[in-house]
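Biologist: Before we use any labels for this chain, I would like to hear what each of them rests on.

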Amino acid sequence: MRRWIVTVAVFAMAVSALGVGAQEVDPLLKLLIENKVITQEQATAVQAEYEKKKAGAKEEMKQAAQEEVAKAKPNLGDLSGVKIGGRIFASYQNGETFSAGSKSEDKTDAYNKFVLKRAYIEISKDITPWMRAQITPDISQDAAGSYNFRVKYALGLFHWNGGSFVAKPEVEAGIIHTPWLDFEEGINPWRCQDTMFMERVGIITSADAGVMFAGQFGGELPKSYQDDVAKKNPGRYGSFALGFYNGGGYSAVENNTNKTFQARVTYRPMPDILPGLQLSAFGITGKGNVAPSKSAKDPFKERKIYPTYSLLAGMISYQHEYFTLTAQTFEARATMRATVITPTPTTCPA
């Protein structure tokens with residue numbers, strides 16, 4: 001038994017020597033050993049030092065390559081905190097509509113179509129703890145059927161905590177929300193079907209270039225109400241928004257030097273008993289978005305005389321977890337495009 005152990009040990013030593021020898025097989029060193037210029041031990045030491053330096057050089061090259069790759073990669077850290085969302089208004093429509101030029105007896109035309117009314121992509125990022133940037137491209141279909149790309153919102157939002165009287169105050173600047181529509185659409189779900197009435201008839205628009213200040217009165221309603229009923233404008237005693245705008249809307253150029261003032265005030269009379277009940281008032285004052293006349297026949301040529309653009313609206317609303325009720329009234333003089341609103345004459349039968 002002892003003999004076999006000795007034999008195995010000798011064999012292991014031989015294999016180890018062969019391994020070392022295999023590592024020392026370098027043509028130049030082997031030649032120097034054969035000519036007895038250097039000894040086997042010296043050749044082994046030289047070879048070991050060479051292998052060590054060779055491994056270090058490989059590690060340095062690997063590290064340098066990794067650094068170059070890291071430099072070539074885009075700095076994704078700058079995109080941290082970017083939020084991307086979207087909203088699409090699409091529908092299938094099947095029915096009849098009135099058409100004065102229709103050849104049918106009841107003057108109606110049938111329609112059956114899929115419709116993409118609007119599509120938004122919202123991109124926002126918190127630049128600082130008190131500032132957020134937002135851009136919202138908008139895709140809409142014109143009368144000819146083409147889909148057009150335009151910017152709906154491009155704004156900087158400055159916000160802070162506020163106090164007990166005005167909570168969560170914020171300032172928007174750029175192409176921003178107007179005081180009313182964003183508030184109304186947060187209450188009335190009709191926007192899923194079509195635009196709100198005052199927007200549809202051209203009296204107001206949802207966005208315009210300007211600056212707006214908004215906030216919540218008296219702190220906020222409990223989180224349970226916000227989670228179950230509504231998160232937007234959760235002021236305990238209501239909310240407000242007011243601003244100065246070009247007046248023509250985000251899809252029109254500014255045609256004169258006039259600016260419109262728009263303001264909304266909302267009161268929540270019973271936040272503990274009926275938190276969903278709100279009374280809101282909204283007003284606009286300014287001039288219509290038209291340019292001075294350049295016609296030689298116009299006695300007011302080049303004079304800055306613009307039609308009055310004014311609106312006074314009121315709404316009572318109630319939001320519940322399972323339903324929403326609203327009632328609205330308004331009185332307007334002209335539209336933001338300076339189209340004068342006049343009653344349609346009617347004749348009563350004798």
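Modeller: Ask about them in turn; note that this is a predicted model.

Biologist: What makes strand 7 largely enclosed by the rest of the structure?

Modeller: Buried means under 20% relative accessible area. In strand 7, residues 238-245, 6 of the 8 residues are buried, so the strand is largely enclosed by the rest of the structure.

Biologist: How do you know that strand 6 and strand 7 pair?

Modeller: Two strands pair if there are at least two bridges between them. Strand 6, residues 207-217, is joined to strand 7 by 7 bridges, so the definition is met. The two run antiparallel, and Ala214 stands opposite Ala241 in strand 7.

Biologist: Why is strand 8 called a partner of strand 7?

Modeller: The cut-off is at least two bridges. Strand 7 and strand 8, residues 260-267, have 8 bridges in the antiparallel sense, therefore they count as paired. Tyr245 has Thr260 in strand 8 as its bridge partner.

Biologist: What makes strand 3 and strand 4 a pair?

Modeller: Strand 3 (residues 131-141) and strand 4 (residues 147-159) share 11 bridges, antiparallel, so they pass the requirement of at least two. Gln134 is bridged to Leu155 in strand 4. Their hairpin has 5 residues between the strands, and Gly145 takes a positive phi near 100° there.

Biologist: How do you know that strand 4 also pairs with strand 5?

Modeller: Strand 5 covers residues 166-177, and 6 antiparallel bridges connect strand 4 with it. At least two are needed, so this is a pair. Phe158 stands opposite Val171 in strand 5. In this hairpin, with 6 residues between the strands, Gly162 has a positive phi near 80°.

Conventions: Residues are numbered from 1 along each chain as its sequence is written. This is a predicted model: local features need pLDDT of at least 70, side-chain atom pairs count only at pLDDT 80 or more; totals for chains, interfaces and linings use all residues. Side-chain values use heavy atoms; hydrogens and water are left out. Buried means under 20% relative accessible area, exposed over 50%, partly exposed in between (1.4 Å probe, protein chains only). Helices (H or I, at least four residues) and strands (E, at least two) are DSSP runs, numbered from the N terminus.
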